[in-house]
Amino acid sequence: MLIKTKKASDVPSSEITPKSVYMDRRRFLTTAAIAGAGAAFGTIAPPGFGSPALAAPGRGPKLEGVKKSKWTQKSLGEELTEYKAVTTYNNFYEFGTGKTDPAERATKFNPKPWSLAIEGAVEKPGVYDLEDFIKPHQLEERVYRFRCVEAWSMVVPWVGIPLADVIKRMGPTGNAKYVAFETLNDPKRMPGQNRRVLQWPYKEGLRIDEAMNPLTLLVVGLYGEVLPNQNGAPIRLMVPWKYGFKAIKSIVKMTFQAEQPPTSWNQSAAREYGFYSNVNPSVNHPRWSQAKERRIGDFLKRPTKMFNGYEEEVGQMYAGMDLRKLF
Ligand code: MTE
């Protein structure tokens with residue numbers, strides 16, 4: 001994401017990103033630094049879903065009891081993005097605004113114990129210990145495309161639970177038209193919050209039908225392993241047909257409510273970041289085109305697909321809406 005202090009003459013991020021990604025990857029692959037940075041993941045306390053096995057050097061602890069889903073690499077027909085790139089090229093402003101800041105600065109963050117507050121229009125509000133919250137559900141792996149508003153994208157094998165199942169369990173009432181999400185607000189643990197680059201805590205929201213869509217996932221892992229801190233440990237959202245900033249990390253609260261909730265990037269720059277944020281190649285960001293994207297690791301750009309390629313699954317939810325206005 002971009003903070004809005006850029007001058008018009010600055011190079012758009014969609015142009016500078018690929019080179020830096022490329023350079024970063026080269027550097028990581030060719031220096032010992034990556035071994036050091038990676039090794040830190042193994043020291044992160046696992047959130048403890050199931051009984052995580054011992055971590056391979058430089059990797060997170062394995063998640064047990066993860067079933068395969070119908071969203072496989074084969075069904076998607078695309079290469080997975082390298083684990084190293086997924087875990088070292090991040091946006092997580094609570095740990096700094098640079099792409100490598102989260103991997104470098106979130107190593108000491110301890111996401112355990114963790115609780116999740118469920119508030120508002122549900123039959124079973126409360127503060128749930130994360131392990132208890134997850135336990136009734138079956139973890140599954142889903143390989144999704146993930147596209148950032150900055151025009152880079154990845155293919156990641158996420159591990160999580162369908163948000164729809166959680167919502168059904170909580171028993172939404174008739175007033176539950178939207179779900180609001182909040183990230184932890186704790187500048188001591190998330191030092192990037194000492195700078196007011198956004199209004200903390202980070203906030204996101206979905207319409208209830210979007211939250212209940214079978215694609216929407218609450219993520220607790222990737223590549224079969226516990227979610228690394230820099231990717232939003234211990235629990236984050238994944239809505240693969242929307243720009244990446246909807247995928248709120250380190251969630252501590254979900255509120256079911258009648259009104260559309262405020263969202264951080266919309267509060268920061270309403271002209272640039274709408275509530276819906278559906279991937280849409282025909283609606284440009286005011287400062288750059290959204291027609292193409294660079295898959296991390298690729299040299300050439302590829303055309304961006306409507307709803308990030310998930311139109312069949314989600315298009316119906318937006319029938320009759322003017323997606324230029326409701327971007
Ligand atoms: N969640 C929080 N709390 N803070 C953030 O800065 N960045 C968002 C999203 N979720 C962000 C966040 C953006 S802009 C993107 S593209 C994705 O996280 C990046 O996820 P990744 O680092 O796992 O690729």
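**A walk from a buried arginine to an enclosed ligand**

R145 counts as buried, at 8% relative accessibility. The cut-off explains the label: buried means under 20% relative accessible area. Keep in mind that this is a predicted model.

Where does R145 lie? R145 is part of strand β4, which covers residues 140–147. Now follow its side chain. The side chain of R145 reaches the backbone oxygen of N308, at 2.9 Å.

That brings us to N308. This residue sits in the loop between β13 (302–303) and α10 (311–314). N308 is buried too, because its relative accessible area is 2% and the limit for buried is under 20%. Its backbone deserves a look. N308 is not a glycine, yet it has a positive phi of about 55°. Most residues other than glycine have a negative phi.

Y223 is another case. Its phi is positive, about 50°, although Y223 is not a glycine. Find Y223 in the loop between β8 (217–222) and β9.

Next come two peptide bonds. Most peptide bonds are trans. The bond from W200 to P201 is cis, with omega near -5°. P201 belongs to the loop between β6 (178–183) and β7 (203–207). The bond from A233 to P234 is also cis, and its omega is near -5°. P234 lies in the loop between β9 and β10.

Stay in that loop. I235 is found there, between β9 (225–226) and β10 (236–238). Is I235 buried or exposed? I235 is buried, because its relative accessible area is 0%. Now look for L130. I235 and L130 are 105 residues apart along the chain. In space, their C-alpha atoms are separated by 8.6 Å.

Another loop holds N280. This loop runs between α9 (264–268) and β12 (292–295). N280 is buried, with a relative accessible area of 6%. Which residue does the side chain of N280 contact? The side chain of N280 makes a polar contact with the side chain of S282, at 2.8 Å.

Finally, turn to the ligand. There are 17 residues around it. Which of them come nearest? They are N90, Y93, E94, A247 and K249. What kinds of residue form the shell around the ligand? The shell divides into 9 nonpolar, 5 polar and 3 charged residues.

Look at individual atoms next. A polar side-chain atom of N90 lies 2.8 Å from an oxygen atom of the ligand. N91 takes part through its backbone: one of its polar backbone atoms is 3.2 Å from a nitrogen atom of the ligand. K249 uses its side chain. An N or O atom there is 2.6 Å from an oxygen atom of the ligand. How much of the ligand does the protein bury? Taken alone, the ligand exposes 530 Å², and the protein buries 100% of that. The space taken by the ligand is the largest cavity.

Trace the route once more. Start at R145 in strand β4. Go along its side chain to the backbone oxygen of N308. Visit Y223 for its positive phi. Pass the cis bonds that lead into P201 and P234. Stop at buried I235, then at N280 and its partner S282. End at the ligand, where N90, N91 and K249 place polar atoms beside it.

Conventions. Residues are numbered from 1 along each chain as its sequence is written. This is a predicted model: local features need pLDDT of at least 70, side-chain atom pairs count only at pLDDT 80 or more; totals for chains, interfaces and linings use all residues. Side-chain values use heavy atoms; hydrogens and water are left out. A residue is near a molecule or strand if one of its heavy atoms lies within 4 Å of it. A polar contact is a pair of N or O atoms within 3.5 Å; within protein, one must be able to donate a hydrogen and the other to accept it, and residues adjacent in sequence count only if both atoms are side-chain atoms. Accessible areas come from the Shrake-Rupley method with a 1.4 Å probe; for residues, only the protein chains shown count as cover. On a 1 Å grid over the protein atoms alone, a cavity is a set of points where a 1.4 Å probe fits but cannot get out, and a pocket is an open set with protein on both sides within 12 Å along at least five of seven lines; lining residues have an atom within 4 Å of a point. A molecule sits in a cavity or pocket if more than half of its atoms lie within 2 Å of its grid points. Ala, Val, Leu, Ile, Met, Phe, Trp, Tyr, Cys and Pro count as nonpolar, Asp, Glu, Lys and Arg as charged, and the others, Gly among them, as polar. Helices (H or I, at least four residues) and strands (E, at least two) are DSSP runs, numbered from the N terminus. Buried means under 20% relative accessible area, exposed over 50%, partly exposed in between (1.4 Å probe, protein chains only).
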